[in-house]
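Hi,

Here is the structure I said I'd pass along. Have a look at it first, and my notes on what turned up are underneath.

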Amino acid sequence: MSKKVTLSILETSDIHGNILPINYGNNETSQVGLAKLTTLIKKYKSTNKSHTLLIDNGDVIQGTPLTYYYARVNSEGVNPIISVLNDIGYDAAVLGNHEFNYGQDILQKSINDSNFPWLSANIINNETNEPYYGKPYIVKELDDQIKVGILGLTTHYIPNWENPNHIKGLKFDDALETAKKWVPILRHEEKVDVVIVSYHGGFERDLASGEVTEHLTGENQGFALCKEVEGIDVLLTGHQHRSLAGEVNNVAIVQPSDKGQALGHVSVTLEKQTDKWQIVEKCAELIKVDESVEADSRIIELIKSFEDQTQQWLDQPIGKINGNMLVDDPLKIRTRDNALIEFINKVQMDVAKVDISNTALFNDDAPGLHSDVTMRDIVSNYIYPNTLKVLKITGQDMKDALERSAAYFATYNGKKIEVNPEFTTPKPQHYNYDMWEGIDYEINISKPFGERIVRLDYQGKPIELDQEYHVVMNNYRAGGGGDYIMFQGKEVVQDIPLDVSELLANYILERKVIDATVNHNWKVVHD
C-alpha cells in the first residue's frame with residue numbers, strides 16, 4: 001500500500017512593515033498585518049507541523065512608521081519586524097528590493113538577528129562572484145525523509161531604483177538565468193523531492209493567454225520562470241502586490257497581495273512510489289485576512305514597547321499649516337496645481353537650490369497635511385524612504401517625461417477624466433504620475449498619447465529642447481523607475497542623502513508656520 005503525505009507551503013510577501021492591524025495615518029483598524037497572519041499560520045502549523053514550511057518572499061523590513069522609526073530614530077536591539085518573524089518561526093526569507101531602502105547597516109543587522117536564513121541566488125558579491133547574502137538555496141529534510149529545496153531569487157531591476165550607496169559591491173544577475181543554473185543542481189545533485197522557487201518578482205504576461213502585460217524590462221519574469229525553467233514545482237511570487245493563485249505550465253503559483261492582507265498557501269501531495277516520493281497533486285490558494293481573524297496577542301505584546309515609542313514620535317507636533325493642504329479627491333489633485341504638491345516641490349527646490357522639481361501623490365490614501373502638522377502627517381503622505389538627486393537633463397528629456405506622466409490619463413471619453421488602466425492594473429502605480437514646479441505646462445488628454453503636452457514654458461518662454469536644465473527629483477525617478485527611461489544614465493549634479501520625509505519635517509520645524517500656496521503653473525485640460 002502506497003503512502004501519501006501533504007506538504008503545506010505558506011508564503012507571506014510584501015508585508016512592508018505591517019505587524020498590527022492598523023492604518024498609521026489615523027490609527028483606525030485595518031485588515032492587515034503579521035499579527036493577524038500569525039493566527040492563520042498557527043492553524044496550519046498545529047494541524048501539519050512536520051510537513052509545513054513558512055517562507056517570506058521579501059519587502060518586509062520597510063513600509064510603516066514602525067519600521068521607519070527603528071531604521072531612522074532608534075535602532076537599538078532587534079528590529080521589531082525581525083522579532084516577529086523569529087517568534088512565528090519562519091524557515092527562510094528572500095530579499096526584496098525594499099530591503100535595501102534603509103542601507104546596508106540596517107539590512108545586515110536584520111539578517112544577523114534573524115533565526116532563519118535569507119536567500120537570494122542572484123545578488124552577487126562583486127569581488128568573489130558568489131551570492132552576497134550567504135546561501136542561494138536551502139534544503140529542508142522533513143519527516144518521512146521528504147527533501148524540499150527552496151531557491152531564493154530577487155528582481156534584478158533594483159539598480160534602476162535604489163540609492164547606489166545602498167548596493168555598493170553588489171551585482172544583480174538575471175533572475176531567470178540564475179534559476180536555470182540552480183534548479184538543476186537542486187534536482188540532480190541535491191536530489192530533492194520538491195523544488196520551490198521563492199522569487200521577489202511578479203508576472204510579465206497574462207497567466208492564461210501568455211500575452212505581454214507590461215514592458216519587458218526584466219523587472220518581472222514569473223511567467224518565463226514557469227515556461228523556461230525545467231523542474232520547478234512551486235513558484236512563490238510577490239513585488240506586484242497582486243492576489244494570485246493557480247498554475248502555469250504545471251507550476252503551482254501564488255502571490256498574496258501586500259501588507260499581510262492574505263496568506264499564500266500551496267498544498268503538495270506526495271506519494272511514495274518504490275523508494276522515491278512523487279508529486280501527485282498540487283493546489284494553490286489565498287487565505288484572506290478579514291474581521292473574523294483575530295490578531296495574535298503574543299505578537300501584539302512582543303512589539304508593544306516599540307509601538308508605544310513609535311506612536312509618541314508620530315504625535316509630536318512639528319508646526320502649522322496656514323491654509324488647506326488636505327487631500328479630498330486624489331484625482332482632482334492630479335489634474336490641477338494644488339498646495340500639497342506645490343509644498344513638497346518647493347521643499348525639494350529649497351534643499352537642492354534649483355528652480356525645477358517634480359514629485360508625485362504616491363497613493364490614493366494620502367491624507368494631505370492637517371493644520372497642526374505631526375510626524376504622522378509627514379510619513380502618511382511621504383511613505384517611501386526616498387532621497388533626492390539633481391539631474392542635468394535636456395528640454396527634450398523634460399518633455400518626454402511629461403508625456404510619460406500624461407499617459408496616466410485614459411483617452412478622454414467626453415464625459416469624465418479617468419485613469420489609464422496601465423497605472424492601476426495589475427498594481428496601482430499612482431506614484432508614477434509626476435507633477436512639476438518651476439515650469440508652466442498643460443496636459444491635453446483629448447490628444448493622442450505622446451502628443452499631450454500642449455504648452456511647456458520656463459521663465460515665461462517656451463522650453464528649448466536642446467537646452468540643459470537642472471531638475472530635482474527622488475532617487476527612484478532619477479534612476480528611471482516607472483519607465484522614465486529618459487532619466488537613465490543622466491549626469492547627477494547633486495546627491496542629497498537625507499530622506500525626503502526628514503527634509504519635509506525639518507523645513508516645517510524651522511519655519512513653524514507654512515502658508516499653503518498655489519501658483520497654478522500646470523493643469524490638465526481637454527477639448
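E403 sits in helix α12, which covers residues 395–406. Bear in mind as you read that this is a predicted model. The relative accessibility of E403 comes out at 9%, so this glutamate counts as buried. Leaving aside residues up to four places away in sequence, E403 touches G450, E451, R452 and I453.

One of those contacts, I453, leads straight into the strands. I453 is the bridge partner, in β25, of I443. The two strands involved are β24 (residues 440–444) and β25 (residues 453–458), and they run antiparallel with four bridges joining them. β24 has another partner too: with strand β30 (residues 522–525) the pairing is parallel, again over four bridges. There, N444 stands opposite V525 of β30. As for burial, four of the five residues of β24 are buried, so this strand is largely enclosed by the rest of the structure.

β27 tells a similar story. This strand spans residues 468–474, and because five of its seven residues are buried, the rest of the structure largely encloses it. It pairs with β22 (residues 388–394) in the antiparallel sense, over seven bridges. If you want a pair to click on, L388 has N474 in β27 as its bridge partner.

While you're in that part of the sequence, check the backbone in the loop between α12 and β23 (435–437), which is where P426 is placed. The peptide bond from T425 to P426 is cis, with omega near 5°.

Next stop, helix α5, residues 175–189. Does its length add up, and what is the end-to-end distance between C-alpha atoms? With 15 residues at 1.5 Å a residue, α5 should span 21 Å, and its end C-alpha atoms are indeed 21 Å apart, so the two values agree. The buried residues of α5 are A175, L176, T178, A179, W182, V183, I185 and L186. In an α-helix, residues three or four places apart point the same way, because there are 3.6 residues a turn. The elements that the buried residues of α5 pack against are β8 (137–142), β9 (146–154), β11 (194–200) and α6 (222–228).

Both ends of α5 have something to look at. D174 caps the N-terminal end, with a side-chain oxygen 2.9 Å from the backbone nitrogen of L176. After the helix comes K191, whose phi is positive, near 55°.

D174 itself is in the loop between β10 (170–172) and α5. Its relative accessibility is 28%, so D174 counts as partly exposed. Apart from residues up to four places away in sequence, D174 touches H156 and Q221. D174 and G246 are 72 residues apart in sequence, and their C-alpha atoms are 25 Å apart in space.

Two more positive phi values are worth a click if you are checking backbone torsions. H241 is not a glycine, yet its phi is about 65°. You'll find H241 in the loop between β12 (234–236) and β13 (243–248), and at 23% relative accessibility it counts as partly exposed. N249, also a residue other than glycine, has phi near 55°. N249 lies in the loop between β13 and β14 (251–256), and its 45% relative accessibility means that it counts as partly exposed.

Last, the cysteines. How many disulfides does the structure hold? Zero. C226 is in no disulfide, and the nearest cysteine sulfur, that of C283, is 16 Å away. Likewise, C283 is in no disulfide, its nearest cysteine sulfur being that of C226 at 16 Å. For reference, a pair of cysteine sulfur atoms would have to be within 2.5 Å to qualify. Buried or exposed, where does C226 fall? With 3% relative accessibility, C226 counts as buried, whereas C283, at 39%, counts as partly exposed.

Shout if anything is unclear when you open the file.

Cheers

Terms used
Residues are numbered from 1 along each chain as its sequence is written. This is a predicted model: local features need pLDDT of at least 70, side-chain atom pairs count only at pLDDT 80 or more; totals for chains, interfaces and linings use all residues. Side-chain values use heavy atoms; hydrogens and water are left out. Buried means under 20% relative accessible area, exposed over 50%, partly exposed in between (1.4 Å probe, protein chains only). Two strands pair if DSSP finds at least two bridges between them. The expected span of a helix is 1.5 Å times one less than its number of residues. Contact means heavy atoms within 4.5 Å. A polar contact is a pair of N or O atoms within 3.5 Å; within protein, one must be able to donate a hydrogen and the other to accept it, and residues adjacent in sequence count only if both atoms are side-chain atoms.
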